[in-house]
Amino acid sequence: MKKYFPVLMMVWMLALTGISAQQVKMIKTQVPERPAGQQDVLQLTAPPMKTVRVGFIGLGMRGPGAVERFAQIEGTDVKGLCDVEADRVEACQKLLERHGRPRAAAYSGSTEAYKKMCDRNDIDLIYIATDWVHHVPLALYAMEHGKHVAIEVPAAMNMEEIWQLINTSERTRKHCMMLENCVYDFFELAALNMAQQGLFGEVLHVEGAYLHNLDDFWTEYWNNWRLDYNSKYRGDVYPTHGIGPDCQVLNIHRGDRMEYLVAMDTKPYNGARITKKLTGKDCPDFQNADQTSTLIRTALGKTMLIQHNVLTPRPYSRMFQIVGSDGYASKYPVNQLLFRQEKLSNDIPNHENLSAHAAMPDSLCQAMLHKYLPSFVKELEEKARRVGGHGGMDFIMDYRLVYCLQNGLPLDMDVYDMAEWCCLGELTRISLENGSLPVAIPDFTRGAWNRIKGFSYAFKN
């Protein structure tokens with residue numbers, strides 16, 4: 001409590017004196033000047049490609065699933081498979097064969113093997129599914145060698161890496177997309193469409209999280225890399241599943257922008273115990289807290305609450321919520337919707353609870369979710385659920401990536417989405433280490449955040 005007493009005193013004094021929030025002491029963050037000759041990559045397009053030729057790097061946990069999904073998307077050609085471990089490459093070759101695809105060129109045996117694959121001139125896209133700390137050097141090398149990149153979450157772990165990806169994407173004019181699958185889950189897709197159609201009125205507040213007890217998974221990470229990272233870094237190191245859907249609902253860098261955040265965490269308790277249990281080694285200085293909570297305020301006066309917890313036993317939740325002037329949506333622990341009656345169309349039956357204090361009945365909730373599921377998702381839903389990948393959202397993500405590349409369209413997520421959703425990793429740490437002071441969030445577009453009006457998907461004519 002003593003640690004936060006100066007901040008609490010400051011808040012109390014502000015309340016007494018009427019000083020505005022803009023006058024609160026805030027930790028500034030640098031926005032480096034855009035290198036000469038570069039311009040932003042908002043709505044970046046590339047020449048259409050009939051067949052998307054792809055190479056995969058990292059074939060441990062996420063990689064094999066991606067290979068199998070691409071093998072079931074028309075207009076793709078898996079040209080290369082890369083992993084340090086040769087047996088993982090061979091396992092993915094068998095996945096290709098199972099789906100009637102030819103074997104791909106194999107690269108393994110060295111942490112530098114990926115370079116030979118990126119040097120090829122018959123690959124358009126490099127799909128990166130390695131551990132976090134290797135994402136950026138692989139992506140930079142791939143873009144420098146003429147490849148678009150799709151990077152697993154989180155794509156970058158600190159501000160230096162984020163600006164490296166932005167500047168390289170802008171200079172090379174290559175797509176740099178983070179593979180945030182949760183924006184393609186069915187509830188989130190329907191709720192986003194509802195928000196775009198105005199059912200919630202003005203969206204005022206959103207929530208998101210990654211609350212996932214990893215006790216059953218720590219040993220699955222090669223060389224214990226994930227627990228090791230948590231032991232060294234304080235803050236929300238894995239924010240993207242929660243913040244991604246929220247930012248799309250709020251049109252972040254498409255009419256609004258995140259201005260600043262404030263973070264607070266519990267003491268680290270379980271991390272050291274888990275480390276001792278799994279490795280036999282003491283870790284008295286384990287950094288990542290059991291629970292980290294972050295509040296964000298946008299330029300238009302909206303708020304976001306983002307949470308991270310992978311160390312305590314609790315039900316899985318991404319805590320997805322939308323709070324609007326005329327409606328509400330929540331996915332966890334159960335699907336819930338609530339709207340003012342006048343916001344509902346005539347084909348949704350009237351019910352006494354629709355504008356009361358309780359969520360609408362489940363049958364009506366499901367009808368609304370189906371009604372507002374985007375048409376392109378309805379067309380993909382059966383195959384997506386059959387192919388799988390976290391219930392189908394991974395397939396929709398990969399399908400949309402391929403579709404946009406095939407048709408020369410802007411991707412659903414750009415390098416600025418990556419930056420905004422990853423920046424919490426370092427910025428929350430800065431807030432925490434300074435008594436939960438507000439920390440400014442950079443405008444990663446460097447002035448273009450209000451040029452596009454609203455989030456949208458691109459489609460061919």
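This report walks through the main sheet, its helices, the antiparallel strand pairs and the empty spaces of a predicted model.

## The open sheet

Let's start with the sheet. Strands of a sheet pair through backbone hydrogen bonds, either parallel or antiparallel. Here, 6 strands form an open sheet with parallel pairing, and reading across gives the order β3-β2-β1-β4-β5-β6. The edges belong to β3 (105-107) and β6 (176-178); each has a single partner strand, so one side of each is left without a neighbour in the sheet. On average, neighbouring strands are turned by 20 degrees against each other, if you ignore direction.

For a look inside the sheet, take β1 (residues 52-57) and β4 (residues 125-128). These two pair in the parallel sense over 4 bridges. If you want a spot to zoom in on, F56 has Y127 in β4 as its bridge partner.

## A helix on the sheet

Helix α5 packs on this sheet and touches β1, β4, β5 (148-151) and β6. The direction of α5 makes about 165 degrees with that of β5. Helix α5, which spans 135-144, also has a helix partner, and that comes next.

## Helix against helix

Two packed helices are described by the angle between their axes and the distance between the axes. For α5 and α6, the axes come within 10 Å and cross at roughly 10 degrees. With angles under 35 degrees counted as roughly parallel, that makes α5 roughly parallel to α6. On the α5 side, the residues involved are V136, A139, L140, M143 and E144; they meet E161, Q164, L165, T168, S169, R171 and T172 in α6. Sorted by class, this contact has 5 nonpolar, 4 polar and 3 charged residues.

Helix α6 (residues 159-172) also pairs up with α14 (residues 415-422): their axes come within 10 Å and cross at roughly 175 degrees. The cut-off for roughly antiparallel is over 145 degrees, and α6 is therefore roughly antiparallel to α14. From α6, the contact uses I162, L165, I166, S169 and E170, while α14 brings V415, Y416, M418, A419 and C422. This contact is made up of 8 nonpolar, 1 polar and 1 charged residues.

## Antiparallel pairs

Away from the open sheet, there are some antiparallel pairings to look at. Strand β7 (residues 203-211) and strand β11 (residues 321-324) run antiparallel and are joined by 4 bridges, with V203 standing opposite G324 in β11. Strand β11 is also joined to β12 (residues 327-330) by 3 bridges, again antiparallel. A hairpin through 2 residues connects β11 to β12, and V323 has Y328 in β12 as its bridge partner.

Strand β8 (residues 258-265) has two pairings worth a look. With β9 (residues 292-298), β8 pairs in the antiparallel sense over 7 bridges, and D265 finds its bridge partner in T292 of β9. With β14 (residues 439-440), β8 runs antiparallel and shares 2 bridges; here L261 stands opposite V439.

## The largest pocket

Now for the empty space. Rolling a probe the size of a water molecule over the atoms shows where empty space is left. The largest pocket comes out at about 830 Å³. Its lining takes in 42 residues, and those nearest the centre are M61, A129, T130, D131 and W225.

Which helix gives the largest share of the lining? That's α5, with 3 residues. Both α5 and α8 (225-232) supply at least two residues each. By class, the pocket lining splits into 21 nonpolar, 11 polar and 10 charged residues.

## Closed cavities

How many cavities of 30 Å³ or more are there? The count comes to 3. The largest cavity has a volume of about 50 Å³.

The lining of this largest cavity consists of H253, R257, M258, E420, I441, P442, D443, F444, T445 and W449. Split by class, these are 5 nonpolar, 2 polar and 3 charged residues. Two elements from earlier turn up here: M258 falls in β8 (residues 258-265), and E420 falls in α14 (residues 415-422).

Terms used. Residues are numbered from 1 along each chain as its sequence is written. This is a predicted model: local features need pLDDT of at least 70, side-chain atom pairs count only at pLDDT 80 or more; totals for chains, interfaces and linings use all residues. Side-chain values use heavy atoms; hydrogens and water are left out. On a 1 Å grid over the protein atoms alone, a cavity is a set of points where a 1.4 Å probe fits but cannot get out, and a pocket is an open set with protein on both sides within 12 Å along at least five of seven lines; lining residues have an atom within 4 Å of a point. Grid points are joined across faces, edges and corners, and a volume is the space filled by probe spheres set on the points. Ala, Val, Leu, Ile, Met, Phe, Trp, Tyr, Cys and Pro count as nonpolar, Asp, Glu, Lys and Arg as charged, and the others, Gly among them, as polar. Axes are lines fitted to C-alpha atoms, for helices over the stretch in contact, and angles run from 0 to 180 degrees between N-to-C directions. Angles under 35 degrees count as roughly parallel, over 145 as roughly antiparallel, 65 to 115 as roughly perpendicular and the rest as oblique. Contact means heavy atoms within 4.5 Å. Two strands pair if DSSP finds at least two bridges between them.
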